[in-house]
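Student: I am new to this structure. Please take me closely through one part of it, the buried interior, and show me what meets what there.

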Amino acid sequence: QVQFVESGGGLVQPGGSLKLSCVASGFTLDYYAIGWFRQAPGKEREGVSCISSSRDSSSYYADSVKGRFTISRDSAKNTVYLQMDSLKPEDTAVYYCAAESYGYCSGYSKVRGFGAWGQGTLVTVSS
């Protein structure tokens with residue numbers, strides 16, 4: 001069974017950092033593009049970041065997080081991470097990871113083409 005489990009969320013003050021983990025079971029992450037997405041209360045789900053398959057491992061970021069978030073993959077642990085620095089209150093959301101089976105990130109910004117969604121992890125940025 002293909003499944004993601006996200007973890008690492010929590011409450012952090014503005015300017016703080018968190019590192020989210022996305023552990024895959026039932027398949028090997030290297031062959032897929034993996035995206036991080038978030039959904040704030042009352043808002044649509046949006047693409048945050050994506051890393052393409054291990055063919056080239058290109059990374060992509062939404063403008064709102066560029067320079068603050070870093071996506072990475074640990075193949076040995078079958079895990080993708082999202083390092084989040086300089087967090088802002090507007091980063092508050094439930095964060096999800098999902099996979100794209102062709103290995104490309106082209107649809108992540110429109111939340112298109114991704115599946116095997118995890119249950120999400122809540123990030124709250126507040127003083």
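Tutor: Here is a walk through the interior, from the nonpolar core out to two polar residues.

Keep in mind that this is a predicted model. Start with the largest nonpolar core, which has 28 residues. The members that touch the most other members are F4, W36, F69, V80, L82, M84 and Y95. Many strands feed this core. At least two residues each come from strand 3 (18-25), strand 4 (33-39), strand 5 (46-51), strand 7, strand 8, strand 9 (93-100) and strand 10 (121-125). A second core is separate from it and has seven residues, including A33, F37, C50 and F114. As a general rule, nonpolar side chains in soluble globular proteins tend to be buried together.

Now pick out L82. It sits in strand 8. Its relative accessibility is 0%, so L82 counts as buried. Setting aside residues within four places in sequence, L82 is in contact with L18, K19, L20, W36, V48, S49, F69, T70, I71 and Y95. W36, F69 and Y95 are also on the list of core members with the most contacts to other members. From L82 to C50 is 32 residues in sequence, yet 9.6 Å in space, C-alpha to C-alpha.

V80 is next. Beyond four places in sequence, V80 touches L20, S21, C22, L29, I34, W36, I51, I71, S72 and R73.

Look now at the loop between strand 7 (69-74) and strand 8 (79-84), where N78 is placed. N78 has a relative accessibility of 16%; the cut-off for buried is under 20%, so N78 counts as buried. What does its side chain meet? A polar atom of the N78 side chain lies 2.8 Å from the backbone oxygen of F27. Residues more than four places away that N78 touches are C22, V23, A24, F27, T28 and L29.

Finish with R38, in strand 4. Its relative accessibility is 5%, so R38 is buried too. The R38 side chain makes a polar contact of 2.9 Å with the side chain of D91. Another polar contact, also 2.9 Å, joins the side chains of R38 and Y95. Y95 thus appears once more: it was among the core members named above. Apart from neighbours within four places in sequence, the contacts of R38 are E44, R45, E46, V48, S64, V65, F69, E90, D91, A93, V94 and Y95. F69 and Y95 are in contact with L82 as well.

Terms used. Residues numbered from 1 in each chain as written. Predicted model: local features only at pLDDT ≥ 70, side-chain atom pairs only at ≥ 80, totals over all residues. Heavy atoms only, no water. Helix = DSSP H or I, 4+ residues; strand = E, 2+ residues; numbered from the N terminus. Buried < 20%, exposed > 50% of the residue type's maximum accessible area, 1.4 Å probe, protein only. Polar contact = N/O pair within 3.5 Å; in protein donor to acceptor, adjacent residues only side chain to side chain. Contact = heavy atoms within 4.5 Å. Core = buried A, V, L, I, M, F, W, Y, C linked by side-chain atoms within 4.5 Å.
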